[in-house]
Amino acid sequence: MKQKRFLMFLSFLASLIFFGISQAAPIPGTAGTTTLQDGPNTEGLYFEIDVYYEVFDGKDATDPLGVTPGKKQFAYILEYVAGNEYCGRLDIQSINGVPLSTTGTSTSGTINETAAGETAPRVHGITTISGDPAASYLFTQAGSPFFGGVGERSVILIYTADETYDIGTALAQIINTSLSCAGEVAGPTECFGIIEGSVLCTECDPQGQFLPMEGVTVVVSKDGNEVASAVTDENGKYMFAGLETGQFTVSVQDAENYTACAATSMDVEVACSGSAIANFCVCPPPCTQQICVRVVCDANGEEEAVAYPWIGICGPEIVQWSNAGRDGEKCFNGQNIVPGHYKVKVKPPRGYEMWSDSSQEFDLADCETKELVFYACPIPPCEQSVCISVIEIGDNNEVIPIENVKVFVKQCRDYKWGYTGTDGVKCFYNLRPDQYVAEIDVPAGYKVCDGRDKIPFALERCEQEEIEFVLCKIQVGPCPCKPYYWKYHNNCWPINSMWIGNQYCNQQQLMNVLCGRKPDGSYASMYDVTIPLAQNLIAAKLSIAAGSDCADIEPVVIAADEYMLYDCPPGSRPYGGSLELARDLNNKLYKYLENCDSCQPLP
């Protein structure tokens with residue numbers, strides 16, 4: 001069977017036509033049923049077809065159907081009911097003498113002088129039926145079989161003529177080179193009307209002429225429901241075709257955005273003949289300048305509004321900071337926004353940081369609306385911390401961590417403390433960005449190698465600081481002890497008697513001096529410098545006898561014992577040069593007894 005694929009070649013037509021006229025509010029109807037069967041170039045074909053129609057108002061001259069504005073379009077849709085299934089391409093060379101372009105393949109036998117299996121022209125183009133310019137048949141080819149089951153719809157016939165048309169005659173004309181047509185098929189008989197008009201401005205032109213308002217949206221409503229809308233062209237004109245008869249309301253959409261010089265809405269009566277006219281007079285709003293700022297985050301690839309940013313603007317007649325809304329938008333307008341040079345700056349809300357420059361500068365022209373976009377996104381979560389390590393450098397430059405050392409992190413009056421672990425490290429977390437001081441409680445037997453037991457540092461946002469204390473071991477030996485130690489530990493004295501100046505004192509006499517009296521136990525003035533000098537001298541001699549290092553203090557001990565206290569014994573109250581010498585020797589002995597950095601305390 002040579003024509004087993006009659007209607008497939010029009011599959012693309014349906015999508016094309018409906019795309020072009022889908023906005024025209026089609027009015028559907030039923031045209032009837034016809035039978036297509038063998039024609040001059042077919043063998044044993046039979047198709048029973050239901051025909052439907054849809055009516056549309058006319059488009060403009062760029063319509064692919066060549067529709068003239070104001071004319072109506074009738075789309076006839078053929079629905080397969082019964083017959084030969086799986087229609088394909090129509091293997092013919094022409095329709096009504098009009099040559100067809102591109103190619104298809106013959107199925108069997110010879111069709112239009114093309115042998116089976118050879119290439120034959122394929123249907124493509126727009127054909128005028130029987131020389132009637134008011135009726136056109138738009139057709140094309142498709143890429144796969146589609147007419148293979150009951151209910152499949154395929155062919156669309158397009159007419160742009162009167163309200164009625166003999167679709168049956170048209171079908172017979174189209175298929176008379178392949179199939180014949182039988183059956184009564186009638187087109188629509190409904191009456192449809194037109195609303196048209198212009199939107200002009202009569203007050204804005206300095207020469208007093210009418211200015212067409214291009215791009216104004218006009219809406220047609222019936223019984224409070226919108227029927228259709230149109231936009232005025234460069235001449236300010238608009239048109240609605242294919243409307244039912246009756247009363248409609250025509251209005252200018254968003255009339256509040258214009259300056260109206262007449263009513264912006266009116267009722268009209270649509271009839272079968274002629275056009276209902278609705279003209280409007282609106283003018284553009286007064287010329288203004290405007291600066292609109294928008295703050296968004298596009299971290300996820302889509303813009304999301306940043307709520308409540310601060311937006312500052314500086315211009316010829318304005319210096320102002322304003323808080324934008326939840327949508328992150330702020331528009332500046334009014335009499336303070338004049339043509340000139342501006343700078344706009346954005347401060348993101350708390351928890352956000354700028355992903356673009358925080359400011360933009362530009363020149364604003366007369367009647368210009370400037371739109372600026374800034375980008376800010378949430379600050380990723382992070383924390384500030386410091387890790388303090390305490391180490392010792394061994395003999396072979398080996399780094400040895402020191403465990404259980406108390407360290408501090410201080411910030412003003414606030415501080416945190418803890419002990420180093422087995423790795424010699426103690427970390428402090430959840431710190432605020434601020435100025436800090438790291439301190440160490442140096443353990444016994446060590447000293448800080450560089451002398452710094454306090455290290456100041458600053459933490460910036462998301463910063464992790466590392467502080468290191470390097471300790472050195474000190475010489476092992478007993479520390480000198482102060483007078484009060486020997487006073488209360490007389491059972492630990494390494495010696496029980498000694499020379500103090502020119503007097504050899506036993507333990508009791510030495511205890512009298514340590515208790516603030518003269519060696520014989522008599523009263524001594526608290527202001528007499530020889531008493532604290534004798535106390536510190538006793539403590540120094542006992543400490544040296546216990547094993548304390550005396551390399552640096554021995555000359556002071558000799559001077560205090562054999563010179564000062566020899567001539568001015570305890571309780572003698574010297575004055576003049578002797579008083580100054582006594583004070584100096586006393587201070588040196590006191591510092592010797594106070595400093596225990598280079599030794600261990602006595603047991």
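Two strands pair if DSSP finds at least two bridges between them. Helices (H or I, at least four residues) and strands (E, at least two) are DSSP runs, numbered from the N terminus. This is a predicted model, in which local features need pLDDT of at least 70, side-chain atom pairs count only at pLDDT 80 or more, and totals for chains, interfaces and linings use all residues. Residues are numbered from 1 along each chain as its sequence is written, and side-chain values use heavy atoms, with hydrogens and water left out.

**Overview**

The chain has 7 helices and 41 strands. Of its 603 residues, 41% count as buried. Buried means under 20% relative accessible area, exposed over 50%, and partly exposed in between (1.4 Å probe, protein chains only). Contact means heavy atoms within 4.5 Å. Among contacts with a separation of 6 or more, 61% join residues 24 or more positions apart.

Isoleucine 49 sits in strand E2 (residues 46-56). Isoleucine 49 counts as buried because its relative accessibility is 0%. Its C-alpha atom is separated by 7.5 Å from that of alanine 82, 33 residues apart along the chain.

**Strand E21 and its partners**

Strand E21 covers residues 280-283. Phe280 and Val282 point one way from E21, while Cys281 and Cys283 point the other way. All are buried. Strand E12 (residues 193-201) runs parallel to E21 and is joined to E21 by 2 bridges. Here valine 199 has phenylalanine 280 as its bridge partner. E18 also pairs with E21, in the antiparallel sense, over 2 bridges. In that pairing, alanine 260 is bridged to valine 282.

Threonine 264 lies in the loop between strand E18 (259-260) and E19. Which residues does threonine 264 contact, leaving aside its neighbours within four places in sequence? They are Val250, Ser251, Val252, Ala255, Phe280 and Val282. The C-alpha atoms of threonine 264 and asparagine 279 are separated by 9.0 Å, with their positions 15 residues apart along the chain.

**Two open sheets**

One open sheet of 4 strands has the order E15-E14-E17-E19, with antiparallel pairing. Its edge strands are E15 (225-231) and E19 (265-270), each pairing on one side only. Neighbouring strands are turned by 25° against each other on average, direction ignored. Angles run from 0 to 180 degrees between N-to-C directions, and axes are lines fitted to C-alpha atoms, for helices over the stretch in contact.

A second open sheet of 4 strands has the order E34-E33-E36-E38, again antiparallel. Strands E34 (414-419) and E38 (454-459) form its edges, each pairing on one side only. The average turn between neighbouring strands of this sheet is 20°, direction ignored.

The table lists antiparallel pairs from these sheets.

| Strand pair | Bridges | Bridge partners |
|---|---|---|
| E14 (residues 217-222) and E17 (residues 246-252) | 4 bridges | serine 221 and threonine 249; valine 218 and valine 252 |
| E17 and E19 | 6 bridges | valine 250 and methionine 266 |
| E36 (residues 434-440) and E38 | 6 bridges | aspartate 434 and leucine 459 |

**The helices and the core**

Helix H6 (residues 554-567) packs against helix H7 (residues 577-594) at an angle of about 145°, with their axes 10 Å apart. The crossing is left-handed. A crossing is left-handed if the near helix is turned anticlockwise from the far one by less than a right angle, and right-handed if clockwise. H6 contributes Val556, Val557, Ala559, Ala560 and Met564 to the contact. H7 contributes Ser578, Leu581, Ala582, Leu585, Lys588 and Leu589. These residues divide into 9 nonpolar, 1 polar and 1 charged. Ala, Val, Leu, Ile, Met, Phe, Trp, Tyr, Cys and Pro count as nonpolar, Asp, Glu, Lys and Arg as charged, and the others, Gly among them, as polar.

A nonpolar core is a set of buried Ala, Val, Leu, Ile, Met, Phe, Trp, Tyr and Cys residues joined through side-chain atoms within 4.5 Å. Which members of the largest core, with 32 residues, touch the most other members? They are Trp486, Ile500, Leu533, Ile538 and Leu589. At least two residues each come from helix H3 (483-488), strand E40 (498-500), helix H4 (507-514), helix H5 (530-546), H6 and H7. H5 gives the largest share, 7 residues. Leucine 533 touches Ala560, Met564, Leu565, Ala582, Leu585, Asn586 and Leu589, not counting residues up to four places away in sequence. In soluble globular proteins, nonpolar side chains tend to be buried together.
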